[in-house]
Amino acid sequence: MRFLATCNPGTEDIVASEVSWEVSGSRVEWIREGAGRLVFSASGDERLVLEQILGLRSIHSAVLLLAEAEVSRGRGGLREAWRAAYESGIHSYIPYGASFAVRGVRIGEGHSYTSIELASTVGDAVQRAAEEGLGWRPQVRLNSPDVVVHAEVDDTTFRAGILVSGERSRHRRRYRVYDHPAALKASLAYSMLLLAGARDGDTILDPMCGGGTVAIEAALLFESSRIYCVELNRRHAAGARLNAESARVSSRVEVYWGDARSLEDLLGKDSVDRIVSNPPYGIRLGDPVDVRQLYREFMPSAAAVLRRGGTAAIITAETEALLDAARQSRLRLKTSRRVRHGDLWVDIVVLEKS
Ligand SMILES: C[S@@+](CC[C@H](N)C(=O)[O-])C[C@H]1O[C@@H](n2cnc3c(N)ncnc32)[C@H](O)[C@@H]1O
């Protein structure tokens with residue numbers, strides 16, 4: 001079995017690691033860095049593999065890959081995609097009497113067809129293959145279809161298969177009953193925890209926790225960690241508690257209504273192994289100067305509660321300001337990487353207390 005997985009752009013290598021740890025007999029075949037996609041194969045019991053894939057915390061979607069072919073960018077590409085879809089066996093995954101829809105995606109420039117044309121071409125091929133091979137014609141239903149077929153042209157590679165992860169992106173966790181207006185994708189929270197080097201047993205803190213995404217992901221990942229959340233806004237702090245209850249981890253996530261600029265008063269000096277956080281972005285605050293000020297006041301506070309050798313992974317659109325403030329607090333830059341967050345490319349900066 002082969003799968004196409006999508007994820008947050010910039011985290012493809014993290015997904016590749018999670019796949020290799022969690023999915024039986026898996027081998028990552030191809031990664032499209034910065035575009036949020038990779039292809040991997042897996043072997044073993046089909047149901048177990050699907051269960052393992054649905055348990056992945058870093059992916060956004062997964063497609064059972066049944067067709068892959070080179071196609072042209074010109075109109076002829078549609079004919080080639082039709083042929084590949086017709087021969088792929090996709091139709092045999094649509095149970096008798098069930099409806100289906102094809103979701104088309106085009107990646108790259110210069111195609112002389114649209115994603116809608118691609119979807120309707122693949123839909124036609126699937127119907128024709130079912131009629132000729134199985135003697136019935138599955139109906140297309142665009143809203144709430146029984147089976148969703150994913151079809152994409154990535155530059156000149158056509159890929160299609162069955163969406164096995166559902167249409168709701170996997171980063172939208174079911175536990176989120178309180179929606180923070182600037183919530184972090186749970187898949188990114190997971191990635192940041194790994195980049196911070198967090199391990200089971202660590203004491204982990206999100207000092208500007210909003211609705212608690214980082215803390216809840218940490219609690220779901222690490223059974224014996226102590227996890228703290230701090231949030232200045234009382235409503236968000238209450239929301240983080242609600243989310244933690246909904247995720248059934250409230251006994252292990254302690255939420256404080258407090259200030260990230262005075263963490264030592266709340267938690268004590270040298271008390272935390274990992275800080276993982278998504279402070280407000282300058283762009284969203286409306287004034288980058290505010291963010292600089294926040295970083296200048298937050299960094300000494302973070303450095304005070306971190307143990308020696310402890311790390312802080314911070315996602316920011318104001319990297320230079322963050323690094324300036326970190327230097328003043330004797331936190332040294334360990335690594336940094338670009339990831340896409342909503343419409344922005346931002347940095348996850350990992351700092352270490354030496
Ligand atoms: C981008 S949001 C965090 C969203 C969160 N990661 C989530 O997924 O819900 C930033 C949060 O930092 C909080 N904040 C801003 N300044 C703070 C401070 N000095 N101390 C604690 N929290 C603060 C804001 O109220 C806001 O909820």
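A residue counts as near the ligand if one of its heavy atoms lies within 4 Å of it. Keep that cut-off in mind for the selections below, and note that this is a predicted model.

Select the ligand first, then the residues around it. The ligand is surrounded by 22 residues. His 180, Leu 184, Gly 211, Thr 213 and Glu 231 are the closest of them.

Next, show the N and O atoms and look at three places. At Leu 232, a polar backbone atom lies 3.2 Å from a nitrogen atom of the ligand. At Asp 259, an N or O atom of the side chain is 3.0 Å from a ligand nitrogen atom. At Ala 260, the distance from a polar backbone atom to a nitrogen atom of the ligand is 2.8 Å. On its own the ligand has 600 Å² of accessible area, and the protein covers 91% of this.

Now leave the ligand and select helix H1, residues 12-22, together with helix H5, residues 186-195. Their axes come within 11 Å and cross at roughly 85°, so H1 is roughly perpendicular to H5.

Turn on side chains at the crossing. From H1, Ile 14, Glu 18 and Trp 21 meet Tyr 190, Ser 191, Leu 194 and Leu 195 of H5. By class, this contact has five nonpolar residues, one polar and one charged.

Technical notes
Residues are numbered from 1 along each chain as its sequence is written. This is a predicted model: local features need pLDDT of at least 70, side-chain atom pairs count only at pLDDT 80 or more; totals for chains, interfaces and linings use all residues. Side-chain values use heavy atoms; hydrogens and water are left out. Axes are lines fitted to C-alpha atoms, for helices over the stretch in contact, and angles run from 0 to 180 degrees between N-to-C directions. Helices (H or I, at least four residues) and strands (E, at least two) are DSSP runs, numbered from the N terminus. Angles under 35 degrees count as roughly parallel, over 145 as roughly antiparallel, 65 to 115 as roughly perpendicular and the rest as oblique. Contact means heavy atoms within 4.5 Å. Ala, Val, Leu, Ile, Met, Phe, Trp, Tyr, Cys and Pro count as nonpolar, Asp, Glu, Lys and Arg as charged, and the others, Gly among them, as polar. A polar contact is a pair of N or O atoms within 3.5 Å; within protein, one must be able to donate a hydrogen and the other to accept it, and residues adjacent in sequence count only if both atoms are side-chain atoms. Accessible areas come from the Shrake-Rupley method with a 1.4 Å probe; for residues, only the protein chains shown count as cover.
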